[in-house]
Amino acid sequence: MTANAASIKIHLPDGSIKEFPAGSTAHDVAMSISPRLAAAAVVARIQPVTAKPAEHKNHAGPEMEGDAAAEASMYSAEEAGAERLVDLSAPLHEDVSLQLLTEKDAEALKVVRHSAAHVMATAVLELYPETKLGHGPATDAGFFYDFYRPTPFTPEDLKAIEARMAEVVARNEPFVREWEPRDQSLARFKTSNDFMKAHFVERFTKPGDEISFYRNGPFEDFCRGPHVPATGRVKAFRVLSLAGAYWLGDENNPQLQRLYGTAFFSSKEMEQHFARLEEAQRRDHRVLGKQLDLFSIQELAGAGLIFWHPKGAMVRRIMEDWMRDECLRRGYQLVYTPHVARVNLWQTSGHEGFYARNMFTPMELDDADYRMKPMNCPFHVLIYKNTPKSYRDLPVRYAELGNVYRYERSGTMHGLLRVRGFTQDDAHIFCSPNQIEDEVVACIEFAQVVLSTFGFTEFKVELSTWDPNDRKNYAGSDENWAMAIDSLEKALARKAIPHKTIKGEAAFYGPKIDIKLVDVLGRLWQLSTVQFDFNLPARFELEYVGEDGERHQPVMVHRALYGSVERFFGVLIEHYAGAFPLWLAPVQAGIVPISERHQAYADSIQTTLQNAGLRVEVDHRNEKMGAKIRDYTLQKLPYLLIVGDKEAESGSVSLRVRGQGDQGSMPLADFVSRALALVDSKSTSL
Ligand SMILES: [Zn+2]
Ligand SMILES: [Zn+2]
């Protein structure tokens with residue numbers, strides 16, 4: 001086929017190549033495949049076929065973070081040659097590979113959401129024409145738009161804006177891209193006092209540029225897109241909330257009103273989203289932690305530091321005992337190590353060089369500077385090094401529930417999930433290179449047992465490798481990295497575990513396997529990790545005497561299965577919505593005497609149950625029966641044992657089961673054996 005100068009080649013995802021007249025659009029391509037596809041398409045992803053990949057994502061410089069980067073991506077000119085999203089109506093002038101994105105695509109949803117931001121700005125200007133526009137990007141959960149208007153928006157205004165947005169959507173105005181010379185745009189923005197738009201033009205474009213606008217009806221916005229074909233494609237949206245922020249983060253600048261909203265492909269998806277949010281709020285471990293009196297964070301003590309109250313501490317004890325027992329069964333040895341060490345140690349380990357910004361600042365004592373430990377590893381290394389080792393001693397597996405302290409920036413802490421002090425169920429395995437694969441496999445199996453024991457059935461596995469182009473951020477030789485990645489891959493293959501490989505996410509000292517569990521709401525949580533390390537054995541000059549009588553360097557594996565005990569507890573609270581299975585419940589049964597004369601019998605039951613190893617509480621309060629039952633229900637106790645004359649005479653209890661209600665009377669001995677069997681099997685049923 002001879003290419004004609006006025007035609008372009010479109011490479012489609014199925015491998016076929018179609019020829020179109022130059023200037024054809026993604027919509028034309030879609031129509032040539034099927035009108036149904038053309039109607040379903042939201043936006044297109046293109047990549048020029050001949051051009052070289054571009055070097056930088058934007059020309060505003062690499063120093064930008066957060067908002068600035070988001071702004072640059074909205075306003076800077078696209079790079080020719082780079083993969084990018086384009087409007088379905090954008091004329092194509094070169095050979096490209098092209099993919100049509102439909103409602104199945106997360107990126108298409110972002111385009112819908114950003115288009116919803118334009119619809120919101122349209123509504124705001126129609127209702128409050130004095131408003132000046134900032135910017136309105138899509139976010140992970142929806143979109144926002146920054147507005148400047150001296151009068152604050154009221155909750156009624158938000159409703160009016162949402163209603164007007166519905167009108168803009170109903171008008172189904174096409175989003176049309178237009179261009180204007182930069183000086184003209186700047187002059188216009190300055191005359192109309194659009195100080196934010198003028199700023200964006202000055203910051204993100206260069207003299208001589210043409211400025212890109214999107215127009216729908218009379219509304220236009222400085223933006224490089226892409227957008228959905230018309231406002232009618234914003235089918236499901238909601239205006240959510242309002243927050244204040246100073247222009248450019250400077251309190252001497254005007255205060256902006258940031259209006260948040262969200263949008264979805266359909267009302268059904270939006271309703272599901274809000275139902276999930278509501279469910280997540282109901283399960284929020286910070287709320288349940290207070291309601292169930294499990295833990296607290298104390299302003300006086302500092303952010304990100306956890307106080308375990310008796311009930312939370314009971315769950316923790318069970319988690320820790322279980323973990324220690326399992327470690328011992330699997331050939332680990334338990335150790336304890338200090339919370340602080342001399343800075344010298346952290347220099348030897350490399351933490352001062354690679355990890356200092358995550359550590360608490362040093363404390364000066366009379367003999368040296370000390371730091372709180374951010375990791376337990378160097379301590380376990382010192383124990384290993386304390387006595388000579390031979391190949392017969394390997395593998396050496398040291399385990400510790402070690403408290404570590406890491407510096408998290410103020411304002412980034414979140415309940416039990418992101419803290420400054422936490423407990424790692426940490427272990428370090430020192431072994432010979434030919435033992436490594438078996439050890440990694442054993443760690444993965446152990447992690448699977450942890451997850452299934454605590455009620456998680458689904459998990460995802462990631463293999464994090466290094467970025468060889470970012471050499472300075474990694475310790476160890478190229479051969480070491482290749483060997484380590486290879487052994488982790490082999491271990492995963494042996495267990496036939498599907499996984500995703502993520503480049504550039506490894507720790508500075510070696511590649512790792514991360515296991516993320518999927519909770520009852522389908523959310524992913526990073527917990528277990530198995531990490532390879534060839535850095536510490538070299539830095540600390542670790543040795544063992546081999547079968548050949550020569551000295552060799554052992555390899556080292558770090559592994560944590562709960563990850564952080566605090567975080568794992570937070571995930572457990574949310575997973576079970578505070579209704580722990582019997583074996584984990586801090587109080588397994590509440591005993592409620594019907595009246596004062598049944599208290600002696602209630603106390604005797606308490607003794608019997610405690611002697612059997614069950615955790616119970618008698619309610620001696622002078623409250624009505626109904627109030628007591630309600631309180632225990634709110635506390636999510638697995639069992640309530642109600643005792644009156646009949647029960648006292650026959651040595652029985654009247655049983656109420658969480659979520660199942662009144663079960664009638666049963667002999668006390670029967671209740672004990674039922675409960676003990678469930679605890680023993682760590683069952684989630686009651
Ligand atoms: Zn836009
Ligand atoms: Zn470690």
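Donors here are N, O and S atoms within 2.8 Å of the metal, and since water is not among the atoms, sites may look incomplete. With that in mind, the predicted model spaces the donor residues of the zinc ion (ligand 2) as C-x50-H-x129-H in sequence. The first two of these bring together distant parts of the chain: Cys377 sits in helix α13 (residues 377-385) and His428 in strand β20 (residues 421-431), 51 residues apart. The contacts themselves run through SG of Cys377, NE2 of His428 and ND1 of His558, at 1.9 to 2.3 Å from the zinc ion (ligand 2).

How buried are the donors? Cys377 has a relative accessible area of 3%, and His428 comes in at 0%. Buried means under 20%, so Cys377 and His428 both fall in that class.

Turning to the strands, β24 (residues 524-533) is largely enclosed by the rest of the structure, because 8 of its 10 residues are buried. Strand β24 pairs with β23 (residues 512-518), the two running antiparallel with 7 bridges between them. One of the pairings puts Lys512 opposite Gln531 of β24. Together β23 and β24 make a hairpin with 5 residues in between, and Gly522 in the turn shows a positive phi of about 80 degrees.

Strand β24 also pairs with β27 (residues 555-564), again in the antiparallel sense, this time over 5 bridges. Here Phe532 has Val557 of β27 as its bridge partner.

How values were computed:
Residues are numbered from 1 along each chain as its sequence is written. Chains are lettered from A and ligands numbered from 1 in the order in which they are written. This is a predicted model: local features need pLDDT of at least 70, side-chain atom pairs count only at pLDDT 80 or more; totals for chains, interfaces and linings use all residues. Side-chain values use heavy atoms; hydrogens and water are left out. Donors are N, O and S atoms within 2.8 Å of the metal (3.2 Å for Na, K and Ca); water is not among the atoms, so sites may look incomplete. Helices (H or I, at least four residues) and strands (E, at least two) are DSSP runs, numbered from the N terminus. Buried means under 20% relative accessible area, exposed over 50%, partly exposed in between (1.4 Å probe, protein chains only). Two strands pair if DSSP finds at least two bridges between them.
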